[in-house]
Amino acid sequence: MGAITQGVSGAPHAAVEAWELSHEPADTGETTPAAENPDAALAARWRRRRLWVAAVLAVLGLAFIVVLASDAPQDVRSGVSGLGLLFGGVLAGISSAVRWHLSTDSRRRRAWACFTLGAVAALAGNGWSAIVGADPVTSPSWVAESSLVVAILLIIAGVLSFPALRRRGMELVLLVLDGLVVGGAALVMVSVLVFSQVLQGASAGGRFEALLFPLLDVALVTVATLLVARSRGDRVPLTLIGCGFVLYACSDVAFVMLAARGTFDFGSPVDLGWILGYLMLSMAAWFPSVESPEETTSLGTSDVLGTVLIFSVLLLAALVRNTAGEEAAINPAQTAMWLILLFSAGARQIILGLDNDTLRRGLERRVQEQTTDLRRLARQNEVLLTSVADGIYGVDADGRITFVNPAGAALLCYPVDELTGSRAHQAFHAPTELGSPHPWQGCYITESIRDGVVTSSEEDTYVRADGSHIPVEITCSPLLDGPTIRGAVVAFRDITQRREVDRIKNEFLSVVSHELRTPLTSIRGSLGLLSGGSLGELSPPAGRMAAIALDSSERLTRLIDDILDMERIESGTMPMNFVEHDATDLIRTAVGQLEGLSQASGVRLETVATGGRVVGDSDRIVQTLTNLIGNAVKFSAAGGVVRVSSAEHDARVRFRVADEGRGIPSEKLERIFERFEQVDSSDTRLKGGSGLGLAISKGIVERHGGRIWAESTPDVGTVVSFDIPSTTPSLTDRGAKVDDDAPLILVCDDDMGVVETLSEMLRQHGYRPLGVTDGATAVDGALAHRPAAVLTDLLMPETSGADVVSRLREEDRTRHIPIVVMSGLGPAADPLVASATDSWLVKPVTDERLASTVARVVEGRRRETSVLVVEDDAHLASVIIALLRSHGLQVAHSQTAAEAVQCAREMLPGVIVLDLQLPDGAGVDVVSELRQDGRLASTPVVVYSAAEVTREEREDLRLGETLFLTKGRVPPAELEDRVLELVDAVTGVTRGER
């Protein structure tokens, strides 16, 4: 009692009940820490206590069974039986009271209140019998008997009070018939076993009392059994209660039979039914009730299990009747009960059959309706897929095509049946530009299936059934079935016309660029001569007109330049040379270009807190800065200040241009970076400009991997900022300046003074040094920049020079880079490292020895290799030449087909970089001429063209190993890597040959 009382006294009853209602049936063993969820901790304690109570009751029940079924003395067994009845009744009453106290549902509270009162009534009856010394067999007390009757009636009322499932009308009829069958069968068995003997041996009053208890027990068992089938969330407690009442009823029936014969004694196994019934009622009180949807029908009596139960009861009743012998002759009452049983069972089966037939027809109708809906939906989906002009196909988890719409099959020139079941990647995905198949692991279909990645607006090339290629734009999405990826769906669109439009547009822009700039140059020159007085003095009106015309021609030139820049940025064809620059130098250059504009406007330019280094195209970054500074000057009042600054921030350099102008409304802060967007439509007339400057700046910054944005306060000023990826400051920019295309030499030594000295010595001899002070940074720098040579110390902490040499020789990008070791010892000190390097310098190193050694290894690597760049765009050619010369290569440049053929025959280049559109011919003409020369017929070629090259065209462009790269997709930096790979293959120098 102490443990139970303590558990109840401080418990928040509603929390315990609510937790049990919502968590108990779905318990998975997971618990919530008490500190985070006090209700869960309290419920866990109750669950543990319930287990302990169930274990204790099971042990007690087993103990009573062992004692009462043993050969112990009669007085011992009688005492144990009396103790068991008293203890069981008390425990049942207390457990029911506890459950009554904890329950929150009104019907359950009423049920457990009835059980509590019933237990109290039973205890009162038994106690009264003990006090007055009444013998329940020979001289029963009417007070005790009445108390037991009241107890059974209260318990029946309690069982009926439990919430039950809401039933259909037919189910209620079946429930009533089942009750008639179960109750009638029980009455038949009781009448056969009990009534005949009771009626023969008892007085009239005794007969009534003896017959009343079996009838009440039968009613109680029948009600409890049927309510178990229609319980809403009390299946476990009602099952325990029902089993307890069955045991209790069996003991009552046995008591009546033995009492009629005069052979009943307390302490026999008959008493176990009462004791175990009390214990089961007590155990039922400790199991929670669980709410379930009222419309959910649990296992009912109208199914196979119910039919088996009903006929089992009938068979049991018939078996009891047949085994009773001739002593239990059938009387009219039993005959009537048998007729009621048979009628109820037959009616039950007929109604059950009709109900099942109705349900079956209803299910068939619903299945038919759903089938019709599914067919209509499938037809609708088929019509949708058939009507879509774009190609759509789906693949399973293995990449096999499961469906393809007719438009997709038609675009690929395949029958639908032929594509279904084949692997999409192998069936029609075009090979790489080198002619090798694309790897399956890098395909967008694989990424969608493996990682659930959605690929949108990606361009690809498909191969039709006839072998022709078709450029497509695809969208690939994973095919999800809940959390599981079953495959992928790909939608693709033919973009041949769009490619052609882009090509025509690019050609048009090229023509416009040339045809407009040429006469504009003449116009501007002529107007400049006129307005400057070189052709004679003009009258003041004529001078003003000439100045207006000159200014207009300059604005038109800037507009053309901006439009062309914008188109090249959007198409990805604007060439950029990404090298390392000091942010201060870039700002100084931009400010210097706008000094005249600022002085004319009366606006002062200030450079504040500049610093940091960036990797990018200096001309484009300066162009962005001049656009921003020019806007700030134009929109600042006379006497205002424009401040320009830069600072390192999170591995980036942040540039800021701040003015004190009129500001920008918040709703236009994002729109100002769109094309032809102005804060005020009158700005174009009053301030000038095309409205493209900020859009171009945004494109340039994004090409650098950065971000640009504006912050503004009206009437206070505007700040425009942009980020460019930064690089760690090196020691290469100190001292003499060298060309950006000079050979790059990586210098590695843990002594910074040594690095500075060696870098300055290399710079004086025309090299471009990159200084680092540890081995790991040296390896990263070699992988990123691929220098013409690496100069490294041998003894360094952590990553030594030997480790640097080993890692450089293992990487594909660096295995052919010449390595020079500097050490205080000779090469004999480490023969293994010496065999993997190109030269060895013993410290101290003189200026002459350093210069001659570096020159020898650089020339030794490329001594038989030169590169011919055939490109008519001088700007792009200069970028490519600068990139290749930084690796120590000899690079020649030709702008026409005739120059290319002549230069190739004279220099015999190791690799040719070839553009296809040349002023006097095409790239295919150059290849055709070179094929005639046996010395050049196997020269490696990198075709670097603006348009994609078809498979048929590629055969006419091959000499030796030939790569096909597209300018819009492959930047100059990637072209640099491909050329170096071919150069390394041409030299074919291995470590053993050096």
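Let me begin with a pair of helices: where α30 and α31 cross, the crossing is right-handed. Before I go on, please keep in mind that what we are looking at is a predicted model, with every value computed from it.

Two packed helices are described by the angle between their axes and the distance between the axes. For helix α30, which covers residues 897-907, and helix α31, which covers residues 923-931, the angle is about 30° and the axes are 9 Å apart. Angles under 35 degrees count as roughly parallel, and α30 and α31 are therefore roughly parallel to each other. If you look at the side of α30 that takes part, you will find A897, A900, V901, A904 and R905, and these meet V926, E929 and L930 of α31. Sorted by class, the residues of this contact between α30 and α31 are six nonpolar and two charged, with no polar ones.

Now let us turn to a second pair, which is helix α19, residues 583-593, and helix α21, residues 618-634. Their axes come within 9 Å, and they cross at roughly 50°, so α19 and α21 are oblique to each other. The crossing of α19 and α21 is right-handed. On the α19 side the contact is made by L586, I587, T589, A590, V591 and Q593, while α21 brings S618, I621, V622, L625, T626 and I629. By class, the contact of α19 with α21 holds eight nonpolar and four polar residues, and no charged ones.

While we are on α21, which other parts of the chain does T624 touch? T624 sits in helix α21 and is buried, with a relative accessible area of 1%. Leaving out residues up to four places away in sequence, T624 touches S697, I700, V701 and F722.

Next, consider helix α16, residues 444-451, whose buried residues are Y444, I445, T446, S448 and I449. What lies over these buried residues of α16 includes the helix α15 (424-428), together with the strands β1 (391-396), β3 (455-463), β4 (469-481) and β5 (484-494). Just after α16 comes G452, which takes a positive phi of about 70°.

That brings me to the cysteines, and to the question of how many disulfides there are. A disulfide is a covalent bond between the sulfur atoms of two cysteines. The rule used here asks for a pair of cysteine sulfur atoms within 2.5 Å, and by this rule the count is zero. Why does C443 not form one? The closest cysteine sulfur to that of C443 belongs to C476, and because it is 7.2 Å away, it is too far for a bond. C443 counts as buried, at 5% relative accessibility, and C748 counts as buried too, at 0% relative accessibility.

Finally, I would like to set two single residues side by side, and to ask of each whether it is buried or exposed. S268 lies in the loop between α9 (235-261) and α10 (271-285), and with a relative accessible area of 17%, S268 is buried. Apart from neighbours within four places in sequence, S268 is in contact with L68 and R77. W142, by contrast, is found in helix α6, residues 142-161, and is exposed, with a relative accessible area of 64%. The C-alpha atoms of W142 and G125 are separated by 9.3 Å, and the two residues are 17 residues apart along the chain.

How values were computed. Residues are numbered from 1 along each chain as its sequence is written. This is a predicted model: local features need pLDDT of at least 70, side-chain atom pairs count only at pLDDT 80 or more; totals for chains, interfaces and linings use all residues. Side-chain values use heavy atoms; hydrogens and water are left out. Buried means under 20% relative accessible area, exposed over 50%, partly exposed in between (1.4 Å probe, protein chains only). Axes are lines fitted to C-alpha atoms, for helices over the stretch in contact, and angles run from 0 to 180 degrees between N-to-C directions. Helices (H or I, at least four residues) and strands (E, at least two) are DSSP runs, numbered from the N terminus. Angles under 35 degrees count as roughly parallel, over 145 as roughly antiparallel, 65 to 115 as roughly perpendicular and the rest as oblique. A crossing is left-handed if the near helix is turned anticlockwise from the far one by less than a right angle, and right-handed if clockwise. Contact means heavy atoms within 4.5 Å. Ala, Val, Leu, Ile, Met, Phe, Trp, Tyr, Cys and Pro count as nonpolar, Asp, Glu, Lys and Arg as charged, and the others, Gly among them, as polar.
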